[in-house]
Amino acid sequence: MRVKLVVAYDGTNYSGWQLQKNAVTIEQKLNEALTDLLGEEIVVTGASRTDAGVHSLGNVCVFDTDTRIPAEKICYALNSRLPEDIVVQDSCEVASDFHPRAGKSSKTYEYRVLNRTLPDPTRRRDTYFYHYDLDVDAMAKAASLLEGEHDFKSFCSVHAQVETTVRTIYSCTVAKDGDVIRIRVTGNGFLYNMVRIIAGTLIEVGAGKRKPEEIISMLEATDRCSAGPTAPAHGLTMIGIQYEA
């Protein structure tokens, strides 16, 4: 049977999702724990290859198994074999042809900026500390200009290898909750470092270094040099993935 897992993790201690020869990754830990639990060689296929230091509340992966353990029970047995910073939120059986990166879906990411005079040590892992005042209204105006279908080449790492840099952003919002500014982006897919570059650009808008309407010229330029910096990885969390029936 094919089993789908919804995986949450604190990415601080990992070199991202994808397997690497000389580094510890989320995928590696899942493969090891599943192989130990099920007594067969398991290799998961993930929906999103999050970068080193990036967190998740709902990344998705699948694997095939001959086990007799009910799919919905696997998460409980698996969590006892995983480190505390990786927790499977749900496990269920899916169709044998289900693939986490195929079909229509939307992904949501949230970038969190701790905007206060001094750092908060309890938020150091999941927020990016920025002590200068940020104009949230200006950031929100700029964010709205990113919505829709655009060529996001300016907001993509130059090292990305993709067939097209056109993506659709369904929603891009900025809101402040206490000392934390939340940049939330939902789209049909994201380019390498795209959300972090969006966050870095919106932070520059909030700091008054750029005007909100400059987003339009950045998109038109299709040049990485035209957009802002790549914000640090630890402020980014994958919220989840929604699949269309």
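How far apart should the ends of helix α4, with its 13 residues, be at 1.5 Å a residue? They should span 18 Å, and the end C-alpha atoms of α4 (residues 194-206) are indeed 18 Å apart, which agrees. Keep in mind as you look around that this is a predicted model.

## Two helices to start with

Helix α4 is a good place to begin. It is mostly covered, with 13 of its 13 residues buried. After the helix comes G208, whose phi is positive, near 80 degrees.

Helix α1 (26-38) can be read in a similar way. It has 13 residues and reaches 18 Å from its first C-alpha to its last, close to the 18 Å expected at 1.5 Å a residue. Its buried residues are I26, E27, Q28, L30, N31, A33, L34, L37 and L38. As background, an α-helix has 3.6 residues a turn, so residues three or four places apart point the same way. The buried residues of α1 pack against two kinds of element: the strands β1, β3 (55-64) and β4 (86-94), and the helix α2 (71-79). Following α1 is G39, with a positive phi near 70 degrees.

## The start of α1

What caps the N-terminal end of α1? That is T25, which has a side-chain oxygen 3.2 Å from the backbone nitrogen of Q28. T25 itself belongs to the loop between β1 (2-9) and α1. Its relative accessible area is 0%, so T25 is buried, the cut-off being under 20%. A polar atom of the T25 side chain also lies 3.5 Å from the backbone oxygen of W17. Leaving aside neighbours within four places in sequence, T25 is in contact with Y14, S15, G16, W17, Q18, L19 and Q20.

The loop between β1 and α1 also holds N13. Although N13 and G53 are 40 residues apart in sequence, their C-alpha atoms are 6.9 Å apart in space. Apart from neighbours within four places in sequence, N13 is in contact with D85 and R125.

## The largest pocket

Next, the largest pocket, which has a volume of about 840 Å³. The elements that give two or more residues to its lining are β5 (105-114) and α4. In total, 32 residues line the largest pocket, and S48, R49, F190, L191 and Y192 lie nearest its centre. Sorted by class, the lining has 14 nonpolar, 12 polar and 6 charged residues.

## Positive phi away from glycine

Two residues catch the eye for their backbone angles. N193, in the loop between β9 (180-187) and α4, has a positive phi of about 70 degrees although it is not a glycine. T222 is found in the loop between α5 (214-221) and β10 (236-243). Its phi is near 45 degrees, again a positive value in a residue other than glycine.

Are these residues buried or partly exposed? N193 is buried, with a relative accessible area of 15%, whereas T222 is partly exposed at 30%. The table places these values beside those of other residues discussed here.

| Residue | Relative accessible area | Class |
|---|---|---|
| T25 | 0% | buried |
| N193 | 15% | buried |
| T222 | 30% | partly exposed |
| M1 | 30% | partly exposed |
| R184 | 33% | partly exposed |

## R184 and M1

R184 lies in strand β9 and, at 33% relative accessibility, counts as partly exposed. Which side chain does R184 join through a polar contact of 3.0 Å? The partner is E110. Not counting residues up to four places away in sequence, R184 touches T108, Y109, E110, S171, C172, T173 and I239. Its C-alpha atom is separated by 21 Å from that of Q89, with the two positions 95 residues apart along the chain.

M1 sits in the segment before β1. With a relative accessible area of 30%, M1 is partly exposed. Where does the chain come back to it? The C-alpha atoms of M1 and R68 are separated by 9.4 Å, while the two residues are 67 residues apart along the chain. Beyond its neighbours within four places in sequence, M1 is in contact with F63, D64, T65, T67, I69, A71, I74 and E93.

Terms used:
Residues numbered from 1 in each chain as written. Heavy atoms only, no water. Helix = DSSP H or I, 4+ residues; strand = E, 2+ residues; numbered from the N terminus. Expected span 1.5 Å × (residues − 1). Buried < 20%, exposed > 50% of the residue type's maximum accessible area, 1.4 Å probe, protein only. Polar contact = N/O pair within 3.5 Å; in protein donor to acceptor, adjacent residues only side chain to side chain. Contact = heavy atoms within 4.5 Å. 1 Å grid on protein atoms, 1.4 Å probe; cavity = no way out; pocket = protein on both sides within 12 Å on 5 of 7 lines; lining within 4 Å. Points joined across faces, edges and corners; volume = space filled by probe spheres on them. Nonpolar A, V, L, I, M, F, W, Y, C, P; charged D, E, K, R; others polar.
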